[in-house]
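The following exercises are to be worked with the sequence and the coordinates at hand. Each task is followed by a solution in steps.

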Amino acid sequence: MSILQNLFSITWQQLLMWLIGAVLIYLAIKKDMEPTLLLPMGFGAILVNLPLSGAIDQYMVGNIPATAEQIAQGAAEYEPGVIDVLFKAGIANELFPLLLFIGIGAMIDFGPLLSNPKMLLFGAAAQFGIFFTLFMAHLMGFELKDAASIAIIGAADGPTAIFVSNFFKSNYMGAIMVAAYSYMALVPIVQPPVIKMVTTKKERLIRMTYKGKEVSQKVKILFPIVVTVIAGIASPRSVALIGFLMFGNLIRECGVLGSLSVTAQDVLANLITLFLGITVASRMRADLFVTKETLMILGLGLVAFIFDTVGGVLFAKLLNIFLKDKINPMIGAAGISAFPMSARVIHKMGLQEDNQNFLLMHAVGANVSGQIASVIAGGMILSLVAR
């Protein structure tokens, strides 16, 4: 096909995807929102929506796209595209998300959680939005497996969302990925108004004394092993997810793999995130992405995110009915998996209300528990829906 024919073959849907790609690149560069992911995702969205893009799989007869009849007759030549090759090698078999979990696990210090174990409760409570959205999406007409994939957006954990949506072979992976990572990046914008809506000023002014005890290295080493065993018994399908996360943490805490821990946190995590971003773009082709379902998914993802936040806050308020030493309810909102962004947001909100109210260590404890809880929730979804 000539250049003019290529030019005139561009559809408005492809132009819209170019615009979406440009917006993602803008947010990555100008607003510094998850740049290692949104930048390759945005560029990939443009790349796969070019006419006759050689970056994606296609069937050709000479220089002309093959018709369905020509493909069926075997008269067309199959041309593999590098992005689809990456998808099959890294996402279709869940390799990239699991490798990324090693890097994430190496980044996490479970010390604040181990010194204050009750923060585990907030990680569990803040997963309410996932299950609420699962039923909402199913009621809105999505197949159960697609509804489960959409609901995981509420985990605020991109790799888990990729893992689950790919496991269920969801047709909406592109929209799910954009929603999951966009809302993760928008934590500082989305959470504060939601938290203020369900708390009073008096509650936000509650001060908490940090009484964290020193956690021994032995405990830090045993923790990832014990969690993996317990999660594996309770939710066998979560073994790969929780296991790779905890393996990364074990590398961090064992004390003999310092250089590998640094590599996992920096080089491995960043490199895999880049590959994930541009590979997910294979599911951001206009024919798959520009649909009414995409708008519904973006809306449902926001619902999941909001209800996770609300669930964590309301659970803290419920505990305060029975506790002598009150908990600042904002801590509950840090139970989502967006680590460490959510903990920083809660700490900042506490200082805005009272410049001597330091909530960071409490919020970090809840935040890392949310990382564990979101992975276990993903495994539970796999177990429940895959039956």
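**Exercise 1. The faces of a strand and its sheet**

Task: In this predicted model, determine which residues of β1 lie on its covered face and which on its uncovered face, then place the strand in its sheet.

Solution.
Step 1. The covered face of β1 carries Q58 and M60, while Y59 and V61 belong to the uncovered one. In a regular strand, side chains alternate between the two faces of the sheet.

Step 2. The sheet is open and consists of 3 strands in the order β2-β1-β3, with antiparallel pairing. Its edge strands are β2 (64-65) and β3 (77-79), each of which pairs on one side only.

Step 3. Strand β1 (residues 58-61) is joined to β3 in the antiparallel sense over 3 bridges; Q58 has E79 as its bridge partner in β3.

Step 4. Towards β2, the antiparallel connection of β1 comprises 2 bridges, and V61 has I64 as its bridge partner there. The hairpin of β1 and β2 has 2 residues between the strands, and G62 adopts a positive phi near 70° in it.

**Exercise 2. Positive phi outside glycine**

Task: Locate E94 and K169, and decide for each whether it is buried or exposed.

Solution.
Step 1. E94 has a positive phi of about 65° although it is not a glycine. K169, also not a glycine, has a positive phi of about 55°.

Step 2. E94 is placed in the loop between α5 (82-90) and α6, whereas K169 is placed in the loop between α11 and α12.

Step 3. Buried means under 20% relative accessible area. E94 therefore counts as buried, at 14% relative accessibility. The cut-off for exposed is over 50%, and K169 is exposed because its relative accessible area is 55%.

**Exercise 3. The surroundings of helix α11**

Task: Explain why α11 is described as largely enclosed by the rest of the structure.

Solution.
Step 1. The buried residues of α11 are G158, P159, T160, A161, I162, F163, V164, S165 and N166.

Step 2. These make up 9 of the 10 residues of α11, so the helix is largely enclosed by the rest of the structure.

Step 3. Contacts give a view of one neighbour. Leaving aside neighbours within four places in sequence, Y181 is in contact with G158, P159 and I162, among others; its partners also include E34, L37, L38, M41, L100 and L276.

**Exercise 4. The nonpolar cores**

Task: Identify the residues that touch the most other members of the largest nonpolar core, and the helix that gives the most to this core.

Solution.
Step 1. The largest core has 100 residues, of which M41, Y181, L276, I331, I346 and I381 touch the most other members.

Step 2. Helix α12 (residues 173-185) gives the most to this core, with 11 residues.

Step 3. A second, separate core has 5 residues, including V48, A55, I83 and A281.

Step 4. As background, nonpolar side chains tend to be buried together in soluble globular proteins.

**Exercise 5. The largest pocket**

Task: Describe the volume, the lining and the residue classes of the largest pocket.

Solution.
Step 1. The volume of the largest pocket is about 600 Å³.

Step 2. Its lining has 24 residues, and those nearest the pocket centre are E34, I104, M107, M184 and F339.

Step 3. Two or more lining residues come from each of α3 (35-47), α6 (95-107), α11 (158-167), α12, α17 (258-280) and α21 (341-353). The element that gives the most is α17, with 4 residues.

Step 4. By class, the lining divides into 14 nonpolar, 7 polar and 3 charged residues.

**Exercise 6. Two partly exposed residues**

Task: For F244 and L144, give the helix, the exposure class and the contacts.

Solution.
Step 1. F244 lies in helix α16 (residues 239-253), and L144 in helix α10 (residues 144-151).

Step 2. F244 counts as partly exposed because its relative accessibility is 32%. L144 counts as partly exposed at 38% relative accessibility.

Step 3. Beyond neighbours within four places in sequence, F244 is in contact with L98, L99, F101, I102 and V239. On the same basis, L144 is in contact with L134, H138 and V385.

Step 4. L144 and V385 are 241 residues apart in sequence, yet their C-alpha atoms are 7.2 Å apart in space.

Key: Residues numbered from 1 in each chain as written. Predicted model: local features only at pLDDT ≥ 70, side-chain atom pairs only at ≥ 80, totals over all residues. Heavy atoms only, no water. Buried < 20%, exposed > 50% of the residue type's maximum accessible area, 1.4 Å probe, protein only. Contact = heavy atoms within 4.5 Å. Core = buried A, V, L, I, M, F, W, Y, C linked by side-chain atoms within 4.5 Å. 1 Å grid on protein atoms, 1.4 Å probe; cavity = no way out; pocket = protein on both sides within 12 Å on 5 of 7 lines; lining within 4 Å. Points joined across faces, edges and corners; volume = space filled by probe spheres on them. Nonpolar A, V, L, I, M, F, W, Y, C, P; charged D, E, K, R; others polar. Pairing = 2+ DSSP bridges.
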